[in-house]
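Trainee: Can you walk me through this one? I have the viewer open and some questions.

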Amino acid sequence: MHLEATAEASTPFVKTRDEAFEALFKSEYARVAGIANRVLADPHEAEDVAQEVFINFHRLHSATAQFAPAWLHRAAAHTALNRLRGRKRRERRELAQAPEEASRALDPQRMLEVSEDRRMVRAALARMAPKPAAVLVLRAGGLSYAEVAQALGVGIGQIGTLLRRAEAALRKEVTRGTSI
Amino acid sequence: MFDDPDALTGTDRRHYADCADCQARYSGMADDARAATTLLATPELKLDVASAFQRVQTAPAAKLRFGFSIPILNPASRPMFAGLAAAAVVVALVVTAFANILPLFQPKTVQAVPVTVADLQALSALSDYGTLTWSQKPNAQVVLSAAEAQAVSGLHVPVVAKLPAGVSSTITYAAMPKAVAVFTFDASKAAAAAAQTGKSLPKLPAGIDGAKLTVTVGPAVIEVFGNLNANSTGNSQDINLPHVLIVAESAAPVVTSTQVTAKQLEDYILSLPGLSPQLAAAIKAIGDPSTTLPIPIPIDYATSSKVTVQGVQGVAVGDNTGLGAGVIWIKKGNVFVVAGPFKQSVVVDVANHLS
C-alpha cells in the first residue's frame, strides 16, 4: 500500500484527488442513492441526498481514505432519515395551515391507495430510533452485514441482533400507525 | 439464521429440529424479516451517474469558507474544533502583531493567552481589514503510511512509545506541505466595516494601507491513533467525540511583512475596539514576543498550565467539561501537539515519550 507520492505523482498508478473522487463516486453513487431511496421512496429526493452526501464528503475527506464507503453509507442513511423527519414535520405543518387544500390534494381515492402504504412505512421509519432505522435501510440498500457494521461503527457480531430487533420495531411502528 | 441458513452448525440444526421454542421464535423473526423486506421495497432507481457527477462537480456548496478543509476531522467533532479554528485566527493576528519582522519571526517557545469567546468573535473578522489570499493553499491530505506522510511533509513522523489504555493502534495519517497566506491590509474595507457597525475605527498607522503580511504555516503531519470509522458520520446529532489520540508536528509559523513595523501592528491591534482589557494585558505580558508563540486558551471552556515537556516549556490545555486535554510545545523549530479525550497527565506522559 506504500505510495511514493512525490516521486510517482505523474504515474497512472497514483490518482489525483479529483480522479480518486470520481472513481469513488462512480463505484458508490448507486448504493448511496439506493440507501436514501429506501428511506425516502422518492428517486429525485434520494439523488438529491446522495449528491449532498458526496459534496460533504469531498469537502471533508480524501477519496482514498479507507473509511470512505462506510462514511458515505452512514451519511446517506442519516441524511435521508433526517429529511424524512423534516418532511414529516413539514407535512404536519402544511396540513395544519391549509387543511382544505391538503384534503383536496389527497382526495382522489386512487392516489390514496397507491401512496398510503409507503407513507405509513416512511412515517414509521421517522418515528424509529436512529440506529435501528439506519440498520434497516442500510441492509435493505444491499449492504452486507460487514458493511453495515463498518458504516455504523459496531461489531459485525451485533448486526444480526440489531437487525432482528429493528425489523420487529418497524413492524410494530407500522401497525401502530395503522391503528391510529 | 434467516439471512444465512448455511451459518447453522450441525448441532444447532439438530437442536432446532426438536425445539418448539426455537421454532416459534424463528417463525416470529422470519415473519418480521419478510415484512420489513416488503415494507421497505421501493421501485428500482434509474440513475444517470455521469450527469449526477457533473452536478456534484459544479455544486456551489463545494466552495470552502476558508479555502481549505482539514480532511481527518469528522463532523461529530466539528463543534469542538470550531472553537480551535477561531483560536487559530487569533494566533495569526497575535503572531502578526508580535512579528519582529525584517528579518523573521520564528517562535521558539509557547505561552498561553487567556481569551473569551467574545474576544475570538471580535477578532475573527479578518476580512473586515483586508484580503486574505493563499499563495500556496493548505493542501492537507489523508495518506496511507508514515513514509508517505514524511514524503508529503518532509518531516520525521513522531513515534508514540506507548498508547493510552483503550486506544486502538490503528493510525490515520494526514500530511500537509507548507502553506503561505498573504494578508493585505485595506484601509477602505476597514473604514467601511467600522461604518457598518457604527463603531469608530482606530486611526490606521501610516503606511498600513496595502501592507502585506506573509504567514507561512507548515509543513505538518498529523497522526490519529484510534478507530475513526466508528465515529465518521454525517449525523449531526452524534456528539460523541472519538476515542482517539492526536499527535501533530508542524514547522513553527514564520511571518514577514512589508511597509509596517511590528510595533505599529501591535499598537494597532491592541487599540481595536473588540479587544478585552484582559486579552490586551495578556498580550502585553508575553515575555519575548519575537520568539514566543501565543496559544489562545478559551477561558470559558478550558484551563491552561505551564508544563515541562521533552525538557522544554510547554502549555497544557485541560478541558473543564472533561472532554479532553492537550499539550503543545516547540522544540528545534517545530511545534508539537498531543491531544485526546484523556486526563492531562496521560497526555503529558505520551508527549514525554514521543520520539
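Trainee: In chain A, among contacts between residues at least 6 apart in sequence, what share joins residues at least 24 apart?

Mentor: The share is 70%. Keep in mind that this is a predicted model.

Trainee: What about chain B, for contacts with a separation of 6 or more?

Mentor: There, residues 24 or more positions apart account for 75% of them.

Trainee: How many helices and strands does chain A have?

Mentor: Eight helices and zero strands. Along the sequence the pattern reads α-α-α-α-α-α-α-α. Chain A has 180 residues, and 42% of them are buried.

Trainee: And how many of each in chain B?

Mentor: Chain B has 10 helices and 14 strands. Of its 355 residues, 33% count as buried.

Trainee: Back to chain A. What is the average pLDDT?

Mentor: Chain A averages 78, and 73% of the residues score at least 70. Two stretches to flag are residues 1-14 of chain A, where pLDDT stays under 50, and residues 97-107 of chain A, where pLDDT is below 50.

Trainee: How many contacts does the model have for those stretches?

Mentor: For residues 1-14 of chain A there are 18 contacts beyond four places in sequence. Residues 97-107 of chain A have four contacts beyond near neighbours in sequence.

Trainee: Where is the kink in helix 1 of chain A centred?

Mentor: On A:E28, with a kink of about 50°. Helix 1 covers residues 17-40. Just after that helix, A:A41 takes a positive phi of about 50°, although A:A41 is not a glycine.

Trainee: Is A:A41 buried or exposed?

Mentor: A:A41 counts as buried, because it has 21 C-beta neighbours inside 10 Å and the cut-off for buried is 20 or more. A:A41 sits in the loop between helix 1 and helix 2 (43-60) of chain A.

Trainee: Which residue of chain B, other than glycine, has a positive phi near 50°?

Mentor: B:Q310 is one, with phi near 50°. B:Q310 is in the loop between strand 11 (302-309) and strand 12 (312-319) of chain B. B:Q310 has 15 C-beta neighbours inside 10 Å, so it counts as partly exposed.

Trainee: New topic. Which residues touch the most other members of the largest nonpolar core?

Mentor: A:A36, A:A50, A:A76, A:A80 and A:V137, in a core of 103 residues.

Trainee: Take A:A76. What is A:A76 in contact with, leaving aside neighbours within four places in sequence?

Mentor: A:V32, A:I35, A:A36, A:V49, A:A50 and A:V53. Two of these contacts, A:A36 and A:A50, also appear in the list of core residues that touch the most other members.

Trainee: Where does A:I159 lie?

Mentor: In helix 8 (residues 156-179) of chain A. A:I159 is buried, with 22 other C-beta atoms within 10 Å. Not counting residues up to four places away in sequence, A:I159 touches A:Y145, A:V148 and A:A149. From A:I159 to A:A146 is 8.3 Å, C-alpha to C-alpha, with the two 13 residues apart in sequence.

Trainee: And where is A:Q150?

Mentor: A:Q150 belongs to helix 7 (residues 145-152) of chain A. A:Q150 is buried, with 22 other C-beta atoms within 10 Å. A:Q150 and A:P69 are 81 residues apart in sequence, yet 9.0 Å apart in space, C-alpha to C-alpha.

Trainee: Over to the strands of chain B. Which way do the side chains of strand 6 point?

Mentor: They alternate along residues 212-217. B:L213, B:V215 and B:V217 point to one face and are buried, whereas B:K212, B:T214 and B:T216 point to the other and are not.

Trainee: How many bridges pair strand 5 with strand 6 in chain B?

Mentor: Six, in the antiparallel sense, with strand 5 covering residues 179-185. In that pairing B:V182 stands opposite B:T214.

Trainee: Why is strand 13 of chain B largely enclosed by the rest of the structure?

Mentor: Because six of its seven residues, in the run 325-331, are buried. Strand 13 of chain B runs antiparallel to strand 14 (residues 334-340) of chain B, joined by seven bridges. B:A325 stands opposite B:G340 in strand 14.

Trainee: What does B:K332 do in that hairpin?

Mentor: B:K332 takes a positive phi near 50°, in a hairpin with two residues between the strands.

Note on methods: Residues are numbered from 1 along each chain as its sequence is written. Chains are lettered from A and ligands numbered from 1 in the order in which they are written. This is a predicted model: local features need pLDDT of at least 70, side-chain atom pairs count only at pLDDT 80 or more; totals for chains, interfaces and linings use all residues. A residue is buried if 20 or more other C-beta atoms lie within 10 Å of its own, exposed if 12 or fewer, and partly exposed in between; C-beta atoms are placed from the backbone. Helices (H or I, at least four residues) and strands (E, at least two) are DSSP runs, numbered from the N terminus. Two strands pair if DSSP finds at least two bridges between them. Two residues are in contact if their C-beta atoms, placed from the backbone, lie within 7 Å. The bend at a residue is the angle between axes fitted to the seven residues ending there and the seven starting there. pLDDT is the predictor's confidence in each residue, from 0 to 100. A nonpolar core is a set of buried Ala, Val, Leu, Ile, Met, Phe, Trp, Tyr and Cys residues joined through C-beta atoms within 7 Å.
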